[in-house]
Each structure stands twice: as structure tokens, then as C-alpha cells.
Amino acid sequence: VVEATVAPLPETLGGQGAVIVSRDISLQSQLDRMRQDFVANVSHELQTPLTIIRGFTETLIDDQDIDEASRTRFTRLIHEEANRMSRLVDDLLTLSRMEHHSLPFSLEGVDVAMLAESVVSRMAPRAEEAGLALEARIPSVLPLVSGDPDRLQEVLLNLVQNAIQYTPQGGRVTVAAQSDAASGLVGISVKDTGIGIPAEDLPRIFERFYRVDKARSRASGGTGLGLAIVKHIIELHQGRIEVNSTVGQGTEFVVWLPQHRENGGTDGE
Ligand code: ADP
């Protein structure tokens, strides 16, 4: 849809004829709509923990005879909800910095095996707590990828964290990698044997605040922004992310990243 305004040509340009000022209002209104939805979503996401915090603090203030065990439980819940709000605000700041290109970002040669090992060792306690096997299976010879090591670590941590959260006890989470000679890309995969994602939800899981199961995401402390951040980071790397999933069997995310091209370094091809 194009909105057009017709105005007489100014005297300085001869005064005869007309200028047509047009702008694409469908794009404009789409953007306005997205912004409104986003603000509504953020408000809603903040409202829920705030309501819980307000409820419990009111009880603690009003009810002087509350027993010690309940007092401790309520204080813990308040703390948990405050943490949830912090995580949400952190994720929102990360997204906003990425959009304004103000997040530090460097491209260097990144060793995928080292990256995967570091993520697996950081997440090992959580996997163990959840009763899951977690392992990295990276080939011994793999090209370096071109990336920002901290941001790529964030991507893998997010994917492994999700894999752990959405996989029932006794399952397995595997981080693997392969290089594709034809495209020159390196694929890093995070695969789980978890609950899976229904086909109709797959196209939407990278949207901000989109969750397949709200209650489950909430129970696991998720902000609903993890995959939106992951996708954004991959795009900054000129890479892409794929997802395959079967309900009841598991999910695999594959992040494809360009190989690092040496310019005068020691690690030639
Ligand atoms: P959340 O904080 O809710 O985990 P994400 O943006 O990380 O938000 O993920 C969006 C949604 O995608 C999740 O709520 C969940 O429904 C689904 N999801 C993500 N990873 C997995 C996975 N490995 N297995 C099943 N569902 C997943």
C-alpha cells in the first residue's frame, strides 16, 4: 500500500506541475505493529514476576504470625522471580545492543573442538542433575570457523541449555561438528533425545517470546528470548541455523558457520 501526497511544485522549481510524495505505509504499519506487540510482550513478561513478588511481599508484611518455614519459602520465591526479571532484562539488553550494533563483536579463527569442550564442561553439572548424558563428538581435524568466541560460546550454551531443559531424565545430549567441503561451511550440531517440537511450531521458535509450552518454559526459568538471540548472533556471522525435530523423539539444531580464511597467519590450508 502506498500513501501518496500531491503538492504543487514550489515557485523556486518553476511552479508548474506537481510533486508526488509517496511512502510505503504497509511496511510502516507493519513495523509499528511489531513494535506495539513487542512492548506488550515485554510488559506482560515483566508483569508476571512482579505480581508474584508483590503478592508474597504483601503476605510477609501483613501476616505477622507466619511460620518460619513459609517465610523462608516465600523469600526464596521472591528471589527466584527477581532473578527471572534480571535474566529477562539482560536478554533484552543483549538484543537491543545487537540491533544497534553496539555489542562488541570480533571475527577471528575459532577452534570448534575447544569451544564444544568448554561448553560441555560448563553444562556437565546441569546435565548430571537432570539425569542426562552430555558429550561432545568433534572430529580431530576440522577447519577453524570465523567467529567471535564469546558470542559463539553464548550460542552453544543456549542450545545445550535448551536441549537439557526439554529432554526427560535418562536422555542424551550430543554436540557434534562436521565440515562441508562443497559449501565451505562448518556445521555444529546440538542434538537431544527430548520432547521434540511440533512441525507447526518450528517456523516460529526463533521469534521473540514464542514458546511451544508456556508453562514448561516458565518452570525451567526460560525468558523466551534465547533462540531469538542465537539467530541474531548467527546472522552477524553470515551463518545460518537449521532445526529438525520429531515430537517424542528429539531435536537437532545445526549452526552453519563460514570457515576462517587465514590472511598471513600460521594455520594455512
Ligand atoms: P525458552 O526460554 O522458552 O527456552 P527459547 O527462545 O530458548 O526460549 O526457545 C523457544 C521455545 O522453543 C521454547 O519455549 C521451547 O518451546 C522450544 N524449544 C527450544 N529448544 C528446544 C529443544 N531442544 N527441544 C524442544 N523444544 C525446544
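Two strands are taken to pair where DSSP finds at least two bridges between them. In this predicted model, Arg240 has Trp256 in E9 as its bridge partner.

**View A. Strand E9 (250-258) between its two antiparallel partners.** E7 and E9 run antiparallel and are joined by 8 bridges. Within E9, Leu257 is the residue that stands opposite Val186. E8 and E9 likewise run antiparallel, with 7 bridges between them. Here Ser245 faces Thr251 in E9 as its opposite residue, and Arg240 is partnered by Trp256. Of the 9 residues of E9, 7 are buried, so the strand is largely enclosed by the rest of the structure.

**View B. The E8-E9 hairpin and the two faces of E8.** The hairpin formed by E8 and E9 has 3 residues between the strands. In the turn, Gly248 adopts a positive phi of about 85°. Side chains alternate along E8. Ile241, Val243 and Ser245 point to one face and are buried, whereas Arg240, Glu242, Asn244 and Thr246 point to the other face and are not buried.

**View C. Gln259 in the segment after E9.** Is Gln259 buried or exposed? Gln259 counts as buried because its relative accessible area of 17% falls under the 20% cut-off. With residues up to four places away in sequence set aside, Gln259 touches Pro143, Leu144, Val145 and Ser146, together with Ser179, Gly184 and Val186. Val186 is also the residue that stands opposite Leu257 in E9.

**View D. The largest nonpolar core, centred here on Leu159.** This core has 49 residues, among which Val112, Leu159, Val160, Val190, Ile205 and Phe253 touch the most other members. At least two core residues come from each of helices H2 (68-99), H3 (112-129), H4 (149-165) and H6 (226-236), and from each of strands E6 (172-180), E7 (185-192), E8 (240-246) and E9 (250-258). H4 provides the largest share, 8 residues. Beyond its neighbours within four places in sequence, Leu159 is in contact with Val190, Leu227, Val230, Ile241, Phe253 and Val255. Of these contacts, Ile241 is one of the buried residues of E8.

**View E. A second, separate core.** This core consists of 6 residues, including Ile53, Phe74, Ile78 and Met85.

**View F. Surroundings of the ligand.** The ligand is surrounded by 19 residues, of which Asn162, Asp192, Ser217, Gly224 and Leu227 are the closest. Which side chain places an N or O atom 2.6 Å from an oxygen atom of the ligand? That side chain belongs to Ser217. Polar backbone atoms also approach ligand oxygen: one of Leu227 lies 2.9 Å from an oxygen atom, and one of Thr223 lies 3.0 Å from an oxygen atom. The ligand taken alone exposes 530 Å², and the protein buries 97% of that area. Leu227 is also in contact with Leu159.

**View G. Arg218 in helix H5 (residues 214-219).** Arg218 counts as partly exposed because its relative accessibility is 27%. Apart from neighbours within four places in sequence, Arg218 is in contact with Thr48, Ile52, Glu81 and Arg84. Arg218 and Arg84 are 134 residues apart along the chain, yet their C-alpha atoms are separated by 9.4 Å.

**View H. Positive phi at Phe209 and Gln238.** Most residues other than glycine have a negative phi. Phe209, in the loop between E7 and H5, has a positive phi near 70°. Gln238, in the loop between H6 and E8, is not a glycine either and has a positive phi of about 60°. Where the solvent accessibility of each residue is concerned, Phe209 is buried, with a relative accessible area of 6%, while Gln238 counts as exposed because its relative accessibility is 67%.

Terms used. Residues are numbered from 1 along each chain as its sequence is written. This is a predicted model: local features need pLDDT of at least 70, side-chain atom pairs count only at pLDDT 80 or more; totals for chains, interfaces and linings use all residues. Side-chain values use heavy atoms; hydrogens and water are left out. A nonpolar core is a set of buried Ala, Val, Leu, Ile, Met, Phe, Trp, Tyr and Cys residues joined through side-chain atoms within 4.5 Å. Buried means under 20% relative accessible area, exposed over 50%, partly exposed in between (1.4 Å probe, protein chains only). Helices (H or I, at least four residues) and strands (E, at least two) are DSSP runs, numbered from the N terminus. Contact means heavy atoms within 4.5 Å. A residue is near a molecule or strand if one of its heavy atoms lies within 4 Å of it. A polar contact is a pair of N or O atoms within 3.5 Å; within protein, one must be able to donate a hydrogen and the other to accept it, and residues adjacent in sequence count only if both atoms are side-chain atoms. Accessible areas come from the Shrake-Rupley method with a 1.4 Å probe; for residues, only the protein chains shown count as cover.
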